[in-house]
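Subject: Structure handover

Hello,

Here is the structure I said I would pass on. My notes on it follow below the entry.

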Amino acid sequence: MSEDYKIMTANESDAEEILLLQHKAYQSEAAIYNNYTIQPLKQTLAQVMEEFQESTVFKAVLNAKIIGSVRAAEKENAVYIGKLMVLPDYQNRGIGKRLLEAIENAFDGKRYWLATGAKSEKNLKLYDKCGYIRYKTEEAAPGLTLVYLEKQVIIRLITENKRGFLPLLLSGDEQESYINEYLERGELFALYNGDVKSVCVVTDEGNGTLEIQNIATEKRSQRKGYASRLIAYIAEYGVGRYDRIILGTGDVPGILAFYRGCGFVATHRIPDYFTTHYDHPIIEDGVLLKDKVYLEKKLTRGDGT
């Protein structure tokens, strides 16, 4: 599914279709609270057009049809995210997560803020997976408690004490001698949301090629979008400097699917790489690693979003 639809900026000509999407997507929310007068269902086309003037709006498009959307506006150095929605038939496919990532990439380094109803369990589960932290609740109306969540992602190029990140890097590559080699000649990026969540080491391999040598996410912070956010940042960083990003990884279905979702395609493999180059067996997601699979991502302007 991730290869079929595209995330792109919406404009005012999309407003009517997005409003129709909104009325369909928010029916389930209205049912949860037995309230069909919630603001998203009462909003008019004129009001949506007004929000387009004040907000950044993204859409998910499949076969020329808008299947998802999100809006965000920056106020006082914070980004207020709202109207994250996906057509019912396309929910639970990662589209909402990618729309959130598009907003975060568009307002890099800001504090992100959003709210949802306390009974909206699917929404809360998504926001938790995406790294949002609950910080207060508020009684908005009889029977409706709002939960406010926030996230502040900062990505830094680390130039000093790179070995201080070794414990986390070892979770991505168990051979310390290899880490020492590419850490010395490479660049280390660290993603923070409060404390460090994910790190990545990249090296210049010549001929316009940037190679990801190691990407690792703190165990409790995995599956919250940090690694894909870090890859998107590095892709944008590489545009104009490099033609492509490559990486090698184990032949593990879940890991390969993750990189495909980040825009990588497999190019070749090295048989028995892990069994001949490492001094002990390497097991990932329950799989004993043997072959090393190489993937690449061509770099073009806009890869960060």
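Which residue takes a positive phi in the hairpin of β10 and β11? G206 does, with a phi near 80°, and the hairpin has 4 residues between its strands. Please keep in mind that this is a predicted model.

The hairpin loop

N207 also lies in the loop between β10 and β11. Its phi is near 55°, a positive value in a residue other than glycine. Most residues other than glycine have a negative phi. N207 is exposed, with a relative accessible area of 80%.

N34 is another entry of this kind, with a positive phi near 50° in a residue other than glycine. The loop between α2 (27–33) and α3 (39–42) holds N34. At a relative accessibility of 67%, N34 counts as exposed, since the cut-off for that class is over 50%.

The sheet from β8 to β13

The hairpin strands belong to an open sheet of 7 strands with mixed pairing, in the order β8-β9-β10-β11-β12-β16-β13. The edges are β8 (154–158) and β13 (265–270); each has a single partner strand, so one side of each is left without a neighbour in the sheet. On average, neighbouring strands here are turned by 30° against each other, with direction ignored.

Going through the pairs, β10 (residues 195–204) and β11 run antiparallel and are joined by 7 bridges. Within that pair, V199 of the one strand stands opposite A216 in β11. Strand β11 itself covers residues 209–217, and 8 of its 9 residues are buried, which leaves the strand mostly covered.

On to the pairing of β11 with β12 (residues 244–250): these two run parallel, with 4 bridges between them. L210 stands opposite I245 in β12. Between the two strands the chain passes through helix α9 (residues 226–238), and this β-α-β crossover is right-handed.

At the β13 end, β13 pairs with β16 (residues 292–298) in the antiparallel sense over 5 bridges. Here H268 has Y294 in β16 as its bridge partner. Helix α9 packs on this sheet and touches β8, β9 (187–193), β10, β11, β12 and β16, its direction making about 135° with that of β9. Helix α10 (residues 253–261) lies across β11, β12 and β16 and runs at about 170° to β12. That angle falls in the roughly antiparallel class, because the class takes angles over 145 degrees.

The sheet from β1 to β6

A further open sheet, also of 7 strands and with mixed pairing, has the order β1-β2-β3-β4-β5-β7-β6. Its edge strands are β1 (6–9) and β6 (133–141), each of which pairs on one side only. Neighbouring strands are turned by 25° against each other on average, again with direction ignored.

Strands β1 and β2 (residues 56–62) run antiparallel and share 4 bridges. M8 stands opposite K59 in β2. Helix α1 packs on this sheet, where it touches β2, β3 (65–75) and β4 (78–86), and its direction makes about 95° with that of β3.

Helix α1

How do α1 and α4 cross, and at roughly what angle? The axes of α1 (residues 15–25) and α4 (residues 45–54) come within 10 Å and cross at roughly 115°. The two helices are therefore roughly perpendicular to each other, and their crossing is right-handed. On the α1 side the contact is made by A15, E16, I18 and L19; on the α4 side, by L45, V48, M49 and F52.

L21 is found in α1 as well. Is L21 buried or exposed? With 3% relative accessibility, L21 counts as buried, because the limit for that class is under 20%. Leaving out residues up to four places away in sequence, L21 touches I66, I67, G68, S69, M85, V86 and L87. For a sense of distance across the model, L21 and Y233 are 212 residues apart in sequence and 30 Å apart in space, C-alpha to C-alpha.

That is what I have on this entry.

Regards

Conventions:
Residues are numbered from 1 along each chain as its sequence is written. This is a predicted model: local features need pLDDT of at least 70, side-chain atom pairs count only at pLDDT 80 or more; totals for chains, interfaces and linings use all residues. Side-chain values use heavy atoms; hydrogens and water are left out. Buried means under 20% relative accessible area, exposed over 50%, partly exposed in between (1.4 Å probe, protein chains only). Two strands pair if DSSP finds at least two bridges between them. A crossover is right-handed if, with the strands pointing away from the viewer, the path from the first strand over the helix to the second runs clockwise. Axes are lines fitted to C-alpha atoms, for helices over the stretch in contact, and angles run from 0 to 180 degrees between N-to-C directions. Contact means heavy atoms within 4.5 Å. Angles under 35 degrees count as roughly parallel, over 145 as roughly antiparallel, 65 to 115 as roughly perpendicular and the rest as oblique. A crossing is left-handed if the near helix is turned anticlockwise from the far one by less than a right angle, and right-handed if clockwise.
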